[in-house]
Amino acid sequence: MGARIVPASEGMAEAVQRIRAGELVAFPTETVYGLGANALDAEAVAGIFAAKSRPSTNPLIVHIADIKAVTPLVAAWPELASELAAKFWPGPLTLVVGRSNAVPDSATAGGSTVGLRVPSHPVALQLLRETNLPIAAPSANRSEEVSPTTAQHVADSLGPWVDDLLILDGGSCTVGLESTVVDVSVTPPHLLRHGMVTRAQLEAVAGRIIRGATAQEASIARSPGMTTRHYSPQTPLILLPAKRFLSQLQPTDGLIYYTDQIAWPLQHLIRLPDTPEQYAAGLYSALRDMDQSGVQRIVVEMPPVAPDGWAAIHDRLRRAAAPPER
Ligand code: TXA
Ligand code: MG
């Protein structure tokens, strides 16, 4: 067991060779680190599920180098998909479309659709170009843990579970939250997961978008991206507006806040920036740091409700605060 963190420029050749050989490689994207395998190789894809202990009902996102790579993977490519791709790729948007038979069942949880994304991180793009393969990659963490935004997070999460995992180090992820997922195989499209490409940005291109799973997705299996609890630290987490801190904070709490008002008398404090983009980029590191600090409870200052840019942050925090389902 164990993981090896290697600067991306040094490890690229080995990473390419490993992906081509059907092995796993962890690599940076602009959203979070991914645990990648050749998306066309059912056995390699099965390795991802084993490493993460991921339920087989949860489909993977398939990463591609550019829009030309879509063709062999899809059964249909709606005009709207082209418009959204033109506007948001490379970038943190996943498009769910009808899939072709080239994509193994394991990658799509047996469903008739596939999620596709062109990432913008140069290391991810280089890996995709040099392998000349589509790469299936969920976030590089054990199932239900907070997604990794540094190479060290990946090593902490998967190191104990994967034998000799190669992790390409590309620094901290700049977006910091998982991609927005939109199903464009149906009309109107469905927003399956909030991300830093916002609903308003999507609707400016696509018109009205419905929030939540389609009837088909809801009737098959709910994917963890859509269940309530996900992205969770081990330590209990609550969300509180700053005006309630005074009456509710306890000395053993850790506080993640963004408004700069009072020096709270706590040992464990993390202040995040007050713009949604910068807040999102720091959130998962803050949750991991608090989780390891030994605090009894993580108190997170309720972020602003508006504007639109905070929606994905609210979504992840609400899930992290939800009590375990099982
Ligand atoms: O930003 C990201 O999307 C990162 C990086 C590595 O690209 N990946 C990521 O993957 O977050 P993962 O596996 O942790 O989340 C993928 C989620 C699934 O849980 C599911 O909700 C949705 O994407 N998804 C993928 N394919 C789908 C499909 N065919 N139909 C419906 N939902 C799908
Ligand atoms: Mg994930």
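Okay, let's start right at the ligand: a polar side-chain atom of Ser-139 sits 3.1 Å from an oxygen atom of ligand 1. That falls inside the cut-off for a polar contact, which is a pair of N or O atoms within 3.5 Å; inside the protein, one of the two must be able to donate a hydrogen and the other to accept it, and residues adjacent in sequence count only if both atoms are side-chain atoms.

Some ground rules before I go on. This is a predicted model, so local features need pLDDT of at least 70 and side-chain atom pairs count only at pLDDT 80 or more, while totals for chains, interfaces and linings use all residues. Residues are numbered from 1 along each chain as its sequence is written, chains are lettered from A and ligands numbered from 1 in the order in which they are written, and side-chain values use heavy atoms, with hydrogens and water left out.

Back to the ligand. Arg-54 has a side-chain N or O atom 2.8 Å from an oxygen atom of ligand 1. For His-63, the matching distance from a side-chain N or O atom to an oxygen atom of ligand 1 is 2.6 Å. And how much of ligand 1 does the protein bury? On its own, ligand 1 exposes 680 Å², and the protein buries 97% of that. Those areas come from the Shrake-Rupley method with a 1.4 Å probe; for residues, only the protein chains shown count as cover.

So who's around it? Ligand 1 is surrounded by 26 residues, and the closest are Thr-31, Arg-54, Asn-58, His-63 and Ser-179. Near, here, means that a heavy atom of the residue lies within 4 Å. By type, that shell splits into 10 nonpolar, 11 polar and five charged residues. For the record, Ala, Val, Leu, Ile, Met, Phe, Trp, Tyr, Cys and Pro go down as nonpolar, Asp, Glu, Lys and Arg as charged, and the others, Gly among them, as polar.

Which elements give two or more residues to the shell? They are strand S4 (61-63), strand S6 (113-117) and strand S10 (190-193). S6 has the largest share, with four residues. Helices and strands are DSSP runs numbered from the N terminus: H or I, at least four residues, for a helix, and E, at least two, for a strand.

Now the sheet. Picture 11 strands forming an open sheet, in the order S1-S8-S2-S3-S7-S4-S6-S5-S9-S10-S11, with mixed pairing. At the edges you find strand S1 (3-7) and strand S11 (210-211), each pairing on one side only. Pairing takes at least two bridges found by DSSP between two strands. S10 and S11 run parallel over two bridges, and His-190 stands opposite Ile-210 in S11.

Have a look at strand S13 too, residues 253-257. Five of its five residues are buried. Buried means under 20% relative accessible area, exposed means over 50%, and partly exposed is in between (1.4 Å probe, protein chains only). Asp-253, Leu-255 and Tyr-257 point one way from S13, while Gly-254 and Ile-256 point the other way. S13 has strand S15 (residues 297-301) as a parallel partner over four bridges, with Gly-254 bridging to Ile-298. Another four bridges join S13 to strand S14 (residues 268-271), again parallel, and there Ile-256 stands opposite Ile-270.

Last topic, salt bridges. How many does a search of the whole structure find? It finds 13 salt bridges, each being a side-chain nitrogen of Lys or Arg within 4 Å of a carboxyl oxygen of Asp or Glu.

Glu-14 and Arg-4 make one of them, at 2.9 Å, N to O. That pair links Glu-14 in helix H1 (residues 8-20) to Arg-4 in strand S1, 10 residues apart. Glu-14 counts as partly exposed at 27% relative accessibility, and so does Arg-4, at 32%. Glu-14 also meets Arg-18 at 2.9 Å; those two both lie in H1, four residues apart, about one turn of the helix. Arg-18, at 9% relative accessibility, is buried.

Then there's Arg-316 with Glu-178, 2.8 Å from N to O. Arg-316 lies in helix H11 (residues 311-321) and Glu-178 in the loop between strand S8 (165-169) and strand S9 (180-183), so the pair ties together parts 138 residues apart in sequence. Arg-316 is buried at 1%, and Glu-178 is buried at 4%.

To finish, salt bridges with shared partners join Arg-4, Glu-14, Arg-18, Glu-23 and Asp-164 into one network.
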